Amino acid sequence: MTVLALSWNADTQQAELIEADDTLETWLRSAVIMSLFTDGRATEDEEPEITERRGYWGDIELDDDDSLGSKLWLHRRSKLTNDVANQVQDEAQTALDWLVEDSHVSSLAVTVERQPPDRLAYQIDITLLDGETLNMTLEQGQS
């Protein structure tokens, strides 16, 4: 059986709907893409200078501290340095921690590597509940 799933297009920097097999791997890939590339709402402390704090409309139904998505968008205006890459890695890990907390996977680790001049490569290593591993690589431009 096929389902609609998310795929990340590194060239256009957009998620795309594709047909894929109805598997746990398909579900996890879609969950990772949605979690990383949906804009999480910024707090006033994080962005005091802006009035547009973004955020996902579906967050209305979540508790105040919960948010679908990430705050990776806050770093897109920054010059790509090692420090920014480390901040992005921390934010990506935070955005994906729910998969472990909600017992969908045993563990998940994110590594972010700079790819000059203006790209980041995300390596996501997921350990499934049965001990199998799933490795994902995604790229994102920093412009």
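Threonine 26 sits in helix 1 of this predicted model. Its relative accessibility is 13%, so threonine 26 counts as buried, the cut-off being under 20%. A polar atom of the threonine 26 side chain lies 2.7 Å from the backbone oxygen of aspartate 21. Contacts of threonine 26, leaving aside neighbours within four places in sequence, are made with Val3, Ala5, Ala20 and Asp21.

Some of these partners belong to a pair of strands. Strand 1 covers residues 2-9, and strand 2 covers residues 14-21. The two pair in the antiparallel sense, over eight bridges. Within this pairing, serine 7 has glutamate 16 of strand 2 as its bridge partner. The hairpin of strand 1 and strand 2 has four residues between the strands. Among them, glutamine 13 takes a positive phi near 60°.

A further set of strands forms an open sheet. Three strands make up this sheet, in the order 3-4-5, and their pairing is antiparallel. Strand 3 (107-115) and strand 5 (133-141) are the edge strands, each pairing on one side only. From one strand to the next, the twist averages 15°. Strand 4 spans residues 119-127 and pairs with strand 3 over nine bridges, in the antiparallel sense. Alanine 121 in strand 4 is the bridge partner of glutamate 113.

Helix 1, residues 24-37, packs on this sheet. Its contacts there are with strand 4 and strand 5. The direction of helix 1 makes about 35° with that of strand 5. Helix 2, residues 82-96, lies across strand 3 and strand 4. Helix 2 runs at about 155° to strand 3.

The side chains were then examined for nonpolar clustering. The largest nonpolar core has 28 residues. Those with the most contacts inside this core are Val32, Leu36, Tyr122, Ile124, Ile126 and Leu138. Two or more residues of the core come from each of helix 1, helix 2, strand 3, strand 4 and strand 5.

Tyrosine 122 illustrates these contacts. Residues up to four places away in sequence are not counted here. On that basis, tyrosine 122 touches Phe37, Leu72, Val88 and Ala92, among others. Its list also includes Val110, Thr111 and Val112. Met136, Thr137, Leu138 and Gln140 are likewise touched by tyrosine 122.

Notes
Residues are numbered from 1 along each chain as its sequence is written. This is a predicted model: local features need pLDDT of at least 70, side-chain atom pairs count only at pLDDT 80 or more; totals for chains, interfaces and linings use all residues. Side-chain values use heavy atoms; hydrogens and water are left out. Two strands pair if DSSP finds at least two bridges between them. Axes are lines fitted to C-alpha atoms, for helices over the stretch in contact, and angles run from 0 to 180 degrees between N-to-C directions. Contact means heavy atoms within 4.5 Å. Buried means under 20% relative accessible area, exposed over 50%, partly exposed in between (1.4 Å probe, protein chains only). A polar contact is a pair of N or O atoms within 3.5 Å; within protein, one must be able to donate a hydrogen and the other to accept it, and residues adjacent in sequence count only if both atoms are side-chain atoms. A nonpolar core is a set of buried Ala, Val, Leu, Ile, Met, Phe, Trp, Tyr and Cys residues joined through side-chain atoms within 4.5 Å.
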